[in-house]
Amino acid sequence: MISRFSIALPFCFILCLIHVSSAYEDDGKDPTIKTMEAFSGYPIHEHVSPDPLSSLSVDTQGLQKQFDELASFSDSPAPSVTRILYSENDVLGRRYIKNLMSLSGLSVREDAIGNIFGRWNGDEPELAAVSTGSHTDAIPYSGKYDGVLGVLGAIEAINVLKRSGFKPKRPLEVIMFTSEEPTRFGISCLGSRLMAGIKEHAELLKNTVDNQNISFFDAAKAAGYSNVENLSSAFLNKGSYSAFVELHIEQGPILEEEAIPIGVVTAIAAPASIKVDFEGNGGHAGAALMPTRNDAGLAAAELALAVEKHVLDSGSIDTVGTVGILDLHPGAINSIPSKSHLEIDTRDIDEKRRNTVVEKIHQSALSISNKRRVMLSQFKIINQDPPASSEEFIIKAAESSARELNLPYKKMISRAYHDSLFMARISPMAMIFVPCYKGYSHKPEEYASPEAITDGVKVLALTLAKLSTQ
Ligand code: GLV
Ligand code: MN
Ligand code: MN
């Protein structure tokens, strides 16, 4: 076991360097101070700041500019952001991230489906790397911080460490995951599921199409990923990373309400998603009499209400369910819906309880189809993932980083899913949260203050530094 002091002393040294480095020349020293030191014969660095731990040199303004620039690659007008997998704006965003990685001196590679990796080789490059990262795809009409913080913030954390003169022992790697959001192909965390080597997921992707009937493979090839059919080449072995840490906005209100700048995530809730189709006879909205109808739209409406009931019946505040997609065919005011399509998202920190809800939703779909004489033409569980727990040694590294930076923190669970949920299958994992305005996320009002972002980047930088020397 390494004692706290043996870690704390080198970090104190690193941080002393960090706080003055960004504004100055390559060797990290203010030339004026150098001259004065030479003249007086003793170092005066400690007088620059009384508390070097609180003055890590995050380039807050530069980072804000990057958030804005990346947000401009959007299919919807500002302040909303829409960046869908393999769209033109997604490709532009990818190019932007690769360029930032290169500017930070990272060696960049992409795998078959476009997970992007930027590596800083440490003193012992053969050791398993410490990795960090998140996603930059954005659901329709969302904000500019979800996921993006964990990518831009990670690159800036590397910059902070580099400017400090810190040299990692293990390599440090920034990852931009492909399509954490399920928007285009209905499957979340495409990139991290594949990296985790989930074979059923790779099989599913081979036959997956979007709502324009464009196959996953064709979409990836159009975005430049010609090797996409070699999906297994993206699988990573367990042990490829010694640790994975993801920085993210909280997406909930707790940190802001309690005025706590840092959340340390101990577990991620278990998500499931389901696709359902009902089919009826349709017909004329005026002429078909009510007793003769088998309305697929009403079946969908009844199932949506059943989802809410089953979730509330669990009696736990941790159980949630949402019908985020409800399409009716043919979609004319004077035509009885002949087809309906629902996509249901349900989650819980307790996997068993979540599974009970999924089963009850299935039973309701069957009984509604029976009662309304509509066909249940699809009930497909797209994913039903277990929850994940963070690893104690990474939690400890994040906690001690927050403490050394004088930033209060709170241990908490993540109700949203993240690529960390799947990275946990191949690497020890934990997450760092920062507060966001009113907990808003997945809407244009999503906002994290420059101060919150800066705090998060500092904690991430220090956590990575600690992990890279372990
Ligand atoms: C991630 O975007 C989620 O829906 O939790
Ligand atoms: Mn999201
Ligand atoms: Mn996210």
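Two strands count as paired when DSSP finds at least two bridges between them, and strands are DSSP runs of E, at least two residues long, just as helices are runs of H or I with at least four residues, all numbered from the N terminus. Keep that in mind for this tour of a predicted model, in which local features need pLDDT of at least 70, side-chain atom pairs count only at pLDDT 80 or more, and totals for chains, interfaces and linings use all residues. Residues are numbered from 1 along each chain as its sequence is written, while chains are lettered from A and ligands numbered from 1 in the order in which they are written.

**First stop: β6 and its partners**

Select residues 129–135, strand β4, together with β6, residues 172–177: the two pair in the parallel sense over six bridges. Within that pairing, T132 has V174 of β6 as its bridge partner.

Now colour β6 by burial. A residue is buried if 20 or more other C-beta atoms lie within 10 Å of its own, exposed if 12 or fewer, and partly exposed in between, with C-beta atoms placed from the backbone. By that rule, six of the six residues of β6 are buried. L172, V174 and M176 point one way, and E173, I175 and F177 the other.

Next, add β3, residues 116–120. β3 pairs with β6 over five bridges, this time in the antiparallel sense. Look for two partnerships here: F117 with I175, and R119 with E173.

Show the side chains of β3 and watch them alternate. I116, G118 and W120 point to one face and are buried, whereas F117 and R119 point to the other and are not.

**Second stop: the hairpin**

Step back to β2, residues 107–110, which runs antiparallel to β3 and is joined to it by four bridges. E110 stands opposite I116. Five residues lie between the two strands of this hairpin, and G114 in the turn has a positive phi of about 95 degrees.

**Third stop: L204**

Select L204, in helix α7, residues 199–206. L204 is partly exposed because 18 other C-beta atoms lie within 10 Å. Then draw a distance from its C-alpha to that of I187, 17 residues apart along the chain: the separation is 9.3 Å.

**Fourth stop: an open sheet with a helix across it**

Four strands form an open sheet here, in the order β11-β13-β9-β14, with antiparallel pairing. At the edges are β11 (320–329) and β14 (375–384), each pairing on one side only. Direction ignored, neighbouring strands are turned by 15 degrees against each other on average; axes are lines fitted to C-alpha atoms, for helices over the stretch in contact, and angles run from 0 to 180 degrees between N-to-C directions.

Zoom in on β9 (residues 270–279) and β13 (residues 339–348), which are antiparallel and joined by 10 bridges. V276 stands opposite L342 there. Helix α10, residues 296–313, lies across β9, β11 and β13 and runs at about 10 degrees to β13.

**Last stop: two crossing helices**

Select α12 (residues 392–404) and α14 (residues 450–468), whose axes come within 8 Å and cross at roughly 130 degrees. The pair is therefore oblique, the class left over when angles under 35 degrees count as roughly parallel, over 145 as roughly antiparallel and 65 to 115 as roughly perpendicular. To see the contact (C-beta atoms, placed from the backbone, within 7 Å), show side chains including I394 and A398 of α12 and L462 and K466 of α14.

Note on methods:
Two residues are in contact if their C-beta atoms, placed from the backbone, lie within 7 Å.
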